[in-house]
Amino acid sequence: MAFSTSAAPGTRNAGAAGTTIPLDAEPDALTIGRRVRHLRTRRGMTLEELGAAIGRAPSQVSMLENGKREPTIARLQAVARALGASVEDLLSPEAPSRRDALEIELERVQRGPLFSALGVSAVRVGKSLPSDALEAIVALQHELERLHSERALTPEEARRANTELRADMRAQDNYFPDLEVVARRLLDDVGHTRGPLPQRAVGELAAHLGFSIHYEPDLPHSTRAVIDQRHRRVYLPSNGIRGRSDARSALLQALASHVLEHSEPGDYREFLRQRVEANYLCAALLVPERDAVKHLREAKEARAISLEDLRDAFAVSYETVSHRFTNLATRHLGIGVHFMKVHESGAIHKAYENDGVRFPADPLGTVEGQHVCRNWTARVVFGITDRLSPYYQYTDTPTGTYWCTSRVTDTADGRFSVSVGVPYAQVKWFLGRETTARATSRCPDDACCRQPARPLAERWAGQAFPSARPHASMLAAMPSGAFPGVDTTEVYEFLERHAPGDS
């Protein structure tokens, strides 16, 4: 460990001697104490002898060795002189032995909140505790922490992570300038200068990044694409991209994760953030910022912004262009916007807003899984028989009037509506503002749409007992692997089957 005489960024001044300790390598009192004890016993010194050498009582030396007292730099210097060692020896973040490492870990565990919640008596960590018992206790603690973490990975935990991520996205208007720069560089690398990104250019991008594309019929069911980093291959399903009409998206999302150097996520929040980044970069490649902003600014000047026109101009799905519009609308057009993807049951699948609309939410602010008012455009559109024309509607809500455009898409998981809306003051820039469709929502007031009409309630109250059809994920824990929902064994077996012969 190297020391300097002045504190630098990422370090903390350790005391009068001017010693600095890197923050990411700073030992705690437990480790320092164990190193003091290790050096003392190696020199054959007693607690009394070390205490006399540094002018302290043996009980104070014992507290230092047991990590119950934070040492000052002056005290460490005195201890180091008495032990014939350096301060650097005492401040090393490594435990002096395997036994010491186990004792330190058990001490930390017993001082932590998880152990306290168990309500059991602490184990005295000392020489009388056999090493095999110490090993067993620490191993049991690891398993307890694993089970506790797995239990936390529930759909509720996923919704909480979504809530935090949505707040971060709102804070920057869902615009990620660094990802826009990456997209522009990639497009320049393959010579794509303007307009929709053709499938040929996507293939050229994969080759530019050093990957070959392989289509296989037995791609793991839980995946959309699989990258073999060892052999620089991208695997896609030969029977079509599941749930997608655009064959480019799955490939671009897989390549995006490689370009952004994503590693195995440590928790569900990191997993979600990586997915958002990959989706964003994919959309930024399919709908390049420069051309899209030019298109939208011209449309705004003509008071003719249309998501359908933007979709057709770049040959992407309505959902992709809706997401992309939220990336660009506020930053480049000065328009606040909201987006929703809603299942036909009324439950929100995805949502984003920075225009003041109030989504239904639980007391903790969770939006995903909440039911949308029956009078909102996202629900009304399911009853519209004309699936060719866009549907527009004004909705008066407790937080103001909003105009929305919405479409219904069919998927393997049922029908979903994809909706984009803006406050009434911004509708002047959009095609469809002349619609006469209008509704009023008083939600979250239950009397708005959640309570049946009085005659129905009087006739059927107590006479109906429906059998609910819960969603499959309602009671299931989130998978505990690095990539929730992905069967790692299945992926590895797939790669083994298709790896080149020299692997």
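**Helix pair H14 and H16**

I began with the contact between two helices of this predicted model, and noted that Glu-289, Ala-292, Val-293, Leu-296, Arg-297 and Lys-300 of H14 meet Arg-324, Phe-325, Leu-328, His-332 and Leu-333 of H16. Sorted by class, this contact comprises six nonpolar, one polar and four charged residues. For the geometry I looked up the axes of H14, which spans residues 289-301, and H16, which spans residues 318-333; they lie 11 Å apart, and the helices pack at an angle of about 65°. The crossing of H14 past H16 is right-handed.

**The six-stranded sheet**

I then followed H16 to the sheet on which it packs, where it touches S6, S7, S9 and S10 and makes an angle of about 30° with the direction of S10. That sheet is open, with six strands in the order S7-S6-S10-S9-S8-S11 and with mixed pairing. Which strands stand at the edges? I found S7 (348-353) and S11 (438-440) there, and because each has a single partner strand, one side of each is left without a neighbour in the sheet. Ignoring direction, I recorded an average turn of 25° between neighbouring strands of this sheet.

Within the sheet I looked at one pair in detail: S9 and S10, the latter covering residues 414-423, pair in the antiparallel sense over ten bridges. As a reference point for that pair I noted Asp-410, which stands opposite Arg-415 in S10.

**Cavities**

How many cavities of 30 Å³ or more does the structure hold? I counted two.

The largest cavity has a volume of about 60 Å³, and its lining consists of His-338, Met-340, Val-357, Trp-376, Thr-377, Thr-395, Thr-397, Tyr-402 and Cys-404. I traced part of this lining back to the strands, since I wanted to place the cavity in the fold: S6 (338-343), S8 (391-397) and S9 (400-411) each supply at least two residues. By class, I listed five nonpolar and four polar residues in this lining, with no charged ones.

The second largest cavity, with a volume of about 30 Å³, is lined by Ile-305, Ser-306, Leu-307, Glu-308, Tyr-392, Trp-403, Thr-405, Phe-430 and Leu-431. Here helix H15 (307-314) and S9 each contribute at least two lining residues, and the classes are six nonpolar, two polar and one charged.

**The three-stranded sheet and Ile-227**

Finally I turned to an open sheet of three strands, ordered S3-S5-S4 and mixed in its pairing. S3 (212-216) and S4 are its edge strands, each pairing on one side only, and the twist from one strand to the next averages 30°. S4 and S5, the latter covering residues 233-237, pair in the antiparallel sense over three bridges, and I noted Tyr-235 in S5 as the bridge partner of Val-226. Helix H12 (residues 247-259) lies across S3, S4 and S5, and runs at about 150° to S5.

I chose Ile-227, in strand S4 (residues 226-228), for a closer look at its surroundings. Leaving aside residues up to four places away in sequence, Ile-227 touches Phe-211, Arg-233, Val-234, Ala-254, Leu-255 and His-258. I also checked the distance from Ile-227 to Ile-213, which is 9.5 Å from C-alpha to C-alpha, with their positions 14 residues apart in sequence number.

How values were computed: Residues numbered from 1 in each chain as written. Predicted model: local features only at pLDDT ≥ 70, side-chain atom pairs only at ≥ 80, totals over all residues. Heavy atoms only, no water. Axes fitted to C-alpha atoms, helices over the stretch in contact; angles between N-to-C directions. Helix = DSSP H or I, 4+ residues; strand = E, 2+ residues; numbered from the N terminus. Left-handed = near helix turned anticlockwise from the far one by under 90°. Contact = heavy atoms within 4.5 Å. Nonpolar A, V, L, I, M, F, W, Y, C, P; charged D, E, K, R; others polar. 1 Å grid on protein atoms, 1.4 Å probe; cavity = no way out; pocket = protein on both sides within 12 Å on 5 of 7 lines; lining within 4 Å. Points joined across faces, edges and corners; volume = space filled by probe spheres on them. Pairing = 2+ DSSP bridges.
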